[in-house]
Amino acid sequence: MKPRLESLAQLLLLLCAFLAPWGVYEQVPGVGLPVSDCLRLLLILLFLAHVPVSRTLRVPFEFAWPIALPAIAGPLLYLGIELVASREYSLPIPMLVWLLETSRAIPAGLLTFLAVVHFARSRELIVQCLRLWCLSTACVAVLSIGASLGAVVPTAFSASSGAVVAGQRSLSSGGREFVCALVAAVYFASFYERTLRRRALFVACAALLAAGLAALLLPSVPRIASWRLPDAVSHTWVQVICIGLVYWLMARVAAKVEVNRREGEPGIHVLLLILLGLKAVAHVAGIGRPCAGLQLGLIAAYALPDSKEPSRVSGWHRLAVLPFLLLIAFNIGYVHPGIVTDARSYAALAPHLIYDGHVQRVESRMEFFAQRYPAERQTHFWLGHVELARECPYRAACEFAEAVKPPEDLRLILPPPTAEERDEFLAKLRDHCSARPEPASCYAHEQALLAAGKQRQALNLLEMRGTTSPPRTPSNVRQRVHTVAAGLVVELLRAREIEKDLQAWDLDRLLGLLEVWGCVVQRAPETVPRRLLPLACVARHGPHTQEVLVVGALGGAHARRATSSRIEGVSLATGQWSGLEPAGSGGWRTTLSWPVGEGETPLATVHIDVDGDIEVDLADALESGDAPDAPAVRLWLP
Amino acid sequence: MAYTPCVPERDEGKGIMRDAIERLRLERKIALLIFVVLAALAALMNMLRPASERVRPPEPETPAATEAAA
């Protein structure tokens with residue numbers, strides 16, 4: 001039984017080393033539990049079973065005491081403090097909670113360390129583990145290159161710099177893994193491997209890892225000047241003691257390896273020292289944990305004098321990697337929508353973040369995915385929520401309209417919003433519009449209803465809202481004005497499908513509706529030729545666009561300008577079109593002004609010449625300023 | 001043939017033990033050096049790192065600030 005246990009444990013070590021760099025891809029689909037955690041737990045259980053069966057603990061005292069001390073004294077000390085502080089000598093529930101909370105971190109890592117040192121008695125096995133880890137990290141580097149080229153969905157990213165990584169849960173852990181594996185690959189290729197084939201293999205690995213590292217770091221190069229160390233974190237005294245003990249353990253392991261190296265033993269001592277040094281530097285700089293239990297355990301086991309047995313993992317045992325390869329291949333293509341630990345499931349955390357007020361964080365995350373994957377619908381859906389949280393109902397309705405469009409690409413990362421989610425959003429938008437000082441003037445809810453295909457409901461609301469305006473147009477031009485007014489309502493609601501329904505509306509009712517919405521409806525100056533009238537100018541701003549629309553009796557014009565980045569600042573005020581003024585060339589012009597900085601800047605100018613030709617000039621003043629949320633509309637009647 | 005008693009010139013058991021103790025001493029010395037450097041570096045870097053907003057204590061509200069706000 002003992003040899004079987006040992007060979008199983010060594011196989012587990014090999015599998016853990018293989019799975020170490022895969023991060024998100026080695027999770028159980030739909031659950032989010034890493035498979036390597038299950039394997040480590042199995043390894044710890046094997047260790048706890050093997051020690052009483054074999055009656056030996058192969059961990060030297062100098063490695064065991066820094067682990068035994070916090071494992072035994074820590075909970076006892078904590079319990080004592082709790083009891084003294086609370087003066088209630090009852091069941092130690094806080095201690096159990098504390099143990100459960102920290103069970104994934106320090107105790108699990110230290111127990112893994114013990115199990116690895118106990119079982120990894122073969123230097124051959126340890127070198128096999130390091131080789132396998134190096135190869136699988138090179139595969140992750142290939143995926144990372146694919147992620148930076150847009151072929152693979154990144155699992156960690158920086159929305160500001162655009163740096164991405166695949167597999168790893170954070171950019172810093174990706175960078176650390178690539179650097180460590182690159183050093184190992186270079187070492188194996190240069191100093192350790194004897195056959196040409198293996199050397200060539202590790203040279204290729206090193207090249208891939210260097211390329212993966214470059215793909216990760218290059219987007220951040222322009223931002224190096226603004227880089228700063230991560231924020232300091234305050235530690236409790238228990239954490240300080242634990243970190244101190246782990247440092248001592250690392251120092252002790254490094255010292256053992258160094259003494260072996262000084263004694264001239266053949267092996268990979270230099271590589272192990274470099275790896276330990278890299279881990280220590282990363283932790284000191286605050287960009288990594290002190291050292292994972294598996295890696296530190298393998299390095300410690302290599303330094304022990306009795307670790308010269310042959311490996312018990314034979315050739316066919318290595319086939320055990322295959323099911324995990326299949327799992328990884330499946331996870332590369334599949335994203336479960338509800339796993340919060342997977343950054344690809346970008347919408348999983350959004351409701352919580354918005355609820356907690358982290359609107360900017362949600363926006364940058366959604367914007368990152370929306371730019372890389374324009375077909376995604378959930379990005380626009382949550383950007384709509386963001387706009388709603390910022391009290392911008394028109395922009396929210398625009399985003400919602402994008403979110404409910406039928407998907408063009410069937411290979412979406414996340415499924416489009418469900419009917420319940422859409423209804424929930426519509427209810428939120430309705431409540432928001434109703435809570436405004438002038439609820440009738442906001443038509444974003446109707447706009448969203450029409451986008452969602454709820455035409456009947458939207459028309460009923462419009463009919464309820466519209467008031468009849470007093471007749472202001474001569475009867476001979478009523479039909480012309482009706483056509484322009486109906487076209488204007490259609491354009492404002494972005495819904496061509498209700499054009500026929502609006503034809504049945506009375507003109508005064510249409511004009512009444514436009515006035516309720518805040519449009520300026522007035523007679524044009526007498527000097528303007530009647531054949532050019534009616535004329536309507538609309539200016540509206542989406543998250544990425546400035547748009548001016550002219551609807552007139554002789555035709556219309558449409559100018560649209562995409563901004564270089566998302567217009568972040570939003571003003572709740574509305575812009576105003578100036579009155580029609582004579583232009584120098586004999587035509588007329590109207591200007592939309594908007595306060596930018598201390599003065600007023602023209603955002604758009606519409607020129608109408610005597611022949612009815614319309615020209616629109618759009619300014620780029622909004623690149624750094626606030627944009628109005630509500631459209632500015634003016635209608636000139638004959 | 002003359003009898004020659006087999007007397008070892010050096011007690012091998014004690015020698016091995018002595019070597020092991022020497023080795024352990026050297027290990028401990030190196031480990032202590034590494035630990036001190038590591039701990040000092042960690043403390044220094046932690047001082048250099050900017051304080052997190054989470055751990056920054058809230059600024060006390062002074063009467064002057066309240067008046068200015070009013």
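Trainee: What is the mean pLDDT of chain B, and which stretch of the chain falls below 50?
Mentor: This is a predicted model, and in chain B 51% of the residues reach a pLDDT of 70 or more, while the mean is 69. Where pLDDT is low, the predicted coordinates should not be read in detail. The stretch with pLDDT below 50, which has four contacts in the model beyond near neighbours in sequence, covers residues 53–70 of chain B.

Trainee: Which helix gives the largest share of the largest nonpolar core?
Mentor: The largest nonpolar core has 178 residues, and those with the most contacts inside it are A:Leu13, A:Ala185 and A:Ile299. Its largest share, 13 residues, comes from residues 123–148 of chain A, that is, from helix H6.

Trainee: Which residues does A:Ala185 touch, leaving aside those up to four places away in sequence?
Mentor: A:Ala185 is one of the residues with the most contacts inside the largest nonpolar core. Leaving aside residues up to four places away in sequence, its partners are A:Cys134, A:Phe202, A:Cys205, A:Ala206 and A:Leu209.

Trainee: Are H16(A) and H17(A) roughly parallel or roughly antiparallel, and why?
Mentor: Helix H16 (residues 393–403) of chain A packs against helix H17 (residues 419–434) of chain A at an angle of about 165 degrees, with the axes 11 Å apart. Because angles over 145 degrees count as roughly antiparallel, H16(A) is to H17(A) roughly antiparallel.

Trainee: Which residues of H17(A) make the contact with H16(A)?
Mentor: H16(A) passes H17(A) in a left-handed crossing. From H16(A) the contact involves A:Pro393, A:Ala396, A:Ala397 and A:Phe400, and from H17(A) it involves A:Phe425, A:Leu429, A:His432 and A:Cys433.

Terms used: Residues are numbered from 1 along each chain as its sequence is written. Chains are lettered from A and ligands numbered from 1 in the order in which they are written. This is a predicted model: local features need pLDDT of at least 70, side-chain atom pairs count only at pLDDT 80 or more; totals for chains, interfaces and linings use all residues. pLDDT is the predictor's confidence in each residue, from 0 to 100. Two residues are in contact if their C-beta atoms, placed from the backbone, lie within 7 Å. A nonpolar core is a set of buried Ala, Val, Leu, Ile, Met, Phe, Trp, Tyr and Cys residues joined through C-beta atoms within 7 Å. A residue is buried if 20 or more other C-beta atoms lie within 10 Å of its own, exposed if 12 or fewer, and partly exposed in between; C-beta atoms are placed from the backbone. Helices (H or I, at least four residues) and strands (E, at least two) are DSSP runs, numbered from the N terminus. Axes are lines fitted to C-alpha atoms, for helices over the stretch in contact, and angles run from 0 to 180 degrees between N-to-C directions. Angles under 35 degrees count as roughly parallel, over 145 as roughly antiparallel, 65 to 115 as roughly perpendicular and the rest as oblique. A crossing is left-handed if the near helix is turned anticlockwise from the far one by less than a right angle, and right-handed if clockwise.
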